Amino acid sequence: MLNEYDLWMQKRKITAAINIPEIVFAQDGGEITNQAVMEFTNGIQRLLGFSPKERININSGQTERQAVFLGLFPEIKKLVSFSCMEPGAEGFVIKVTETNIYIAGHDERGLLYGVFRFLSLLSLGQISYGFELGDTPVSPLRIINHWDNFDGTIERGYAGNSLFYKDGHFDFEIQRIEDYARFLASAGINRVSINNVNVRANAKLLITEEYLKEATVLAAVFRRFGIRIFISINFGAPYSLGKLPSADPLDPAVIMWWKNRAALIFKYIPDLAGFLVKADSEGEPGPFQYNRTHADGANMLAEALEPFGGVVIWRCFVYNCQQDWRDKNFDRACAAYNNFKPLDGKFNKNVILQIKFGPYDFQVREPVSPLFGALKNTRHIMELQITQEYTGHQIDLCYLPWVWEDIMNFDVIKTGNDEKNRYRVRDLIGPNKEGTANIEGLAAVVNVGLDRNWTGHTLAQANLYGYGRLAWNPSLTAKEIAGEWSALSFGASQAAQKIEEILLKSYPAYEKYTSPFGICFMVTPGSHYGPGIEGYEFSRWGTYHRADLHAIGIDRTAKGTGFTEQFSADNAGIFSDPSTCPQNLILFFHRLHYDFIMKNGQTLLQNIYDTHFEGYDEAAQMLELWKTLKDSLESDVYKSVLSRFERQLANAREWKDQINTYFWRKTGISDAKGRKIYE
């Protein structure tokens, strides 16, 4: 029986292929090791109905005939030999013999992750005698960003109110926070920022002594699960909070204010990961106010954190949000590269740039940002969005690992067709090495709230799980992750197989009935749910498609805004030519007439009509497939998801009818297949 609250860690009795020993010998260690031992015994109770007995003296178990051994790799390898390599930082090895089970971590976090992986594989029926696995996370930083506000709301939250705040103060249930930390750690997350990057009103007080006392409670819970917290700060805090006349990053008084503030914060949270900063973006204060650079601002904060081992994560989401729609020369897509590429190598070693995966803003389809691969001497990570701001609000099902897999496979420094010369995003993720284009990890805006099922739409839990697994191993496929999540959540069943099928259908369907071919921002202004075809067309946000009766799209080639020239030469050539440009991005890079012939031999306009009809039909098929599960699932789960699919179909209809009618009215050209288009 599915308990929506338990996500992918269901209390479901299984039949194991091996005998699980009833005694656990654990190496003496810190609180993360203790948590790992507790998770193992509780996990066996959850899956098999008994709790092994704990012994905190690993050496005393050497003569035991049957036992489980948990510890760090140097100690465990004294007891058994491994065929796999020693794990790297936060990695682990698992070995199952005819008598014993061994789980060894490179460090305490690695041991905890090893325990969680063993329990997952046990639940999936993949643990057998002779099993051995060594695994180390590819991404050193696997970060969750909360956009939670102190009033209890969540910016772009679709699953209830904040887990952490209410009415201007901390307000949380300890047990729920512990469960949340457990779920995140089980998926491999090791960092969490706990408040919105837009730090306004009472949120500015988070770095004051009164609020830090409460923040220590949150930090302590996450710490047991190997998760360090970030705090989002307001760059203008020296004047809005400290009453200084400015926040100029080169002002000695401002520099000293931040140094003193950092000392206070680390007094309460000694293992704070650092600050997350949104500056000079969408009205937030920043160094531009003082004619300083982003490097000036970030480095000032970095120097304040450096004595305590903290880092500054500086978001690159910086662009002119006061654009004049009449100006066709300015292109928002160019902004991140133009702002940060010239500063490459000028940031302190404890500054990490956080770059959105695309040059726009979490659109259904956009190219990978050219900053990836361009930065050679600056630490950086990639930002994704789990919460479905532009991808259905957790009303419409949209399985995001599907597009994340595409992002991971993008060759950012393409130099010919030789496989040896490929520099895919997933190949560049790893520990930072000076002079390389390494991406040190991933960050993602999370999709959870106080709803009992955490994510509003039960199937949206797959996006949270999928992000954790992809951050750990960017080479995993969307299908592999969907299969894991479905089986862990719904058991090894035909229902799980159908749910996996539905997940994999969902993203292509959503893209088709909303905005295929790389057209962006055809959404309802403000909410971003549902069609608003020209909602942003004359706005200040720089989000235009410029459709008229002849053509649609923006020319971003060298003859247009020049955005293609920010990419490597090979990629620029591919994107600049409509005949080689990927068709799912063709209208992002080109302005095309409606009679342009696409690769399937049909006109662009006919493809617009076809995709929207197809997307609607595929949404209807997902609904019908879900209905076949009525007798296989708990009634509450079935009905809850059913209502979401019904709302999704209504949304798909609006997209289909409004988009098709819009282009019919623009062009006067009918659908070649004679389907119903409203006048």
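Two residues are in contact when they have heavy atoms within 4.5 Å of each other. Keep that in mind as we walk through this structure. It is a predicted model, in which local features need pLDDT of at least 70, side-chain atom pairs count only at pLDDT 80 or more, and totals for chains, interfaces and linings use all residues. Residues are numbered from 1 along each chain as its sequence is written, and side-chain values use heavy atoms, with hydrogens and water left out.

## The whole chain

The protein chain has 19 helices and 18 strands. Here helices (H or I, at least four residues) and strands (E, at least two) are DSSP runs, numbered from the N terminus. With a radius of gyration of 26 Å, close to the 26 Å that the globule rule gives for 679 residues, the protein chain is as compact as a globular protein of that length. That radius is taken over C-alpha atoms, and the rule is 2.2 Å times the number of residues to the power 0.38. The C-alpha trace spans about 85 × 65 × 55 Å along its principal axes.

How much of the protein chain counts as buried? Of its 679 residues, 62% do. Buried means under 20% relative accessible area, exposed over 50%, and partly exposed in between (1.4 Å probe, protein chains only). Among contacts between residues at least 6 apart in sequence, 71% join residues at least 24 apart.

Charges come next. The protein chain has 71 positive and 80 negative side chains, and the centres of the two sets lie 0 Å apart. Lys and Arg count as positive and Asp and Glu as negative, while His and the chain ends are not counted. Each charge is placed at NZ of Lys, CZ of Arg, CG of Asp or CD of Glu.

## Two helices

Helix α7 covers residues 252-268, and its 17 residues reach 25 Å from the first C-alpha to the last, close to the 24 Å expected at 1.5 Å a residue. The expected span is 1.5 Å times one less than the number of residues. Which residues of α7 are buried? They are Val254, Trp257, Trp258, Arg261, Ala262, Leu264, Ile265, Phe266 and Tyr268. An α-helix has 3.6 residues a turn, so residues three or four places apart point the same way. The buried residues of α7 pack against α5 (209-224), β11 (228-233), α6 (237-240), β12 (274-277) and α8 (294-305).

Helix α4 (residues 174-186) has 13 residues that should span 18 Å, and its end C-alpha atoms are indeed 18 Å apart. This helix is mostly covered, with 11 of its 13 residues buried. Among them are the charged-type residues Arg176, Glu178, Asp179 and Arg182. The cover of its buried residues includes α1 (31-48), α3 (108-123), β7 (141-145), β10 (191-193), α5 and α13 (461-472). After α4 comes Gly188, with a positive phi near 95°.

## Four buried residues

The table gathers four buried residues, their places and their relative accessibility.

| Residue | Place | Relative accessibility |
|---|---|---|
| Ala104 | strand β5 (residues 100-105) | 0% |
| Ser232 | strand β11 | 2% |
| Gly430 | loop between α12 (425-428) and β16 (441-445) | 5% |
| Thr391 | loop between β15 (380-385) and α11 (401-408) | 6% |

What surrounds them? Leaving out residues up to four places away in sequence, Ala104 touches Gly71, Leu72, Phe73, Ile76, Gly91, Phe92 and Val93. Ala104 and Leu72 are 32 residues apart in sequence, yet their C-alpha atoms are 4.9 Å apart in space. With the sequence neighbours within four places again set aside, Ser232 is in contact with Asn195, Asn196, Val197, Val199 and Leu276. On that basis too, Gly430 meets Val138, Pro140, Asn438, Ile439 and Glu440, and Thr391 touches Val364, Asp396, Cys398, Leu400 and Tyr510. Gly430 and Phe645 are 215 residues apart in sequence and 38 Å apart in space, C-alpha to C-alpha.

## Two positive phi angles

Most residues other than glycine have a negative phi, and most peptide bonds are trans. Which phi does Lys243 have? Its value is near 65°, positive in a residue other than glycine. Lys243 sits in the loop between α6 and α7, and is exposed, with a relative accessible area of 67%. Glu282 also has a positive phi, of about 50°, although it is not a glycine. Its place is the loop between β12 and α8, where Glu282 counts as partly exposed at 26% relative accessibility.
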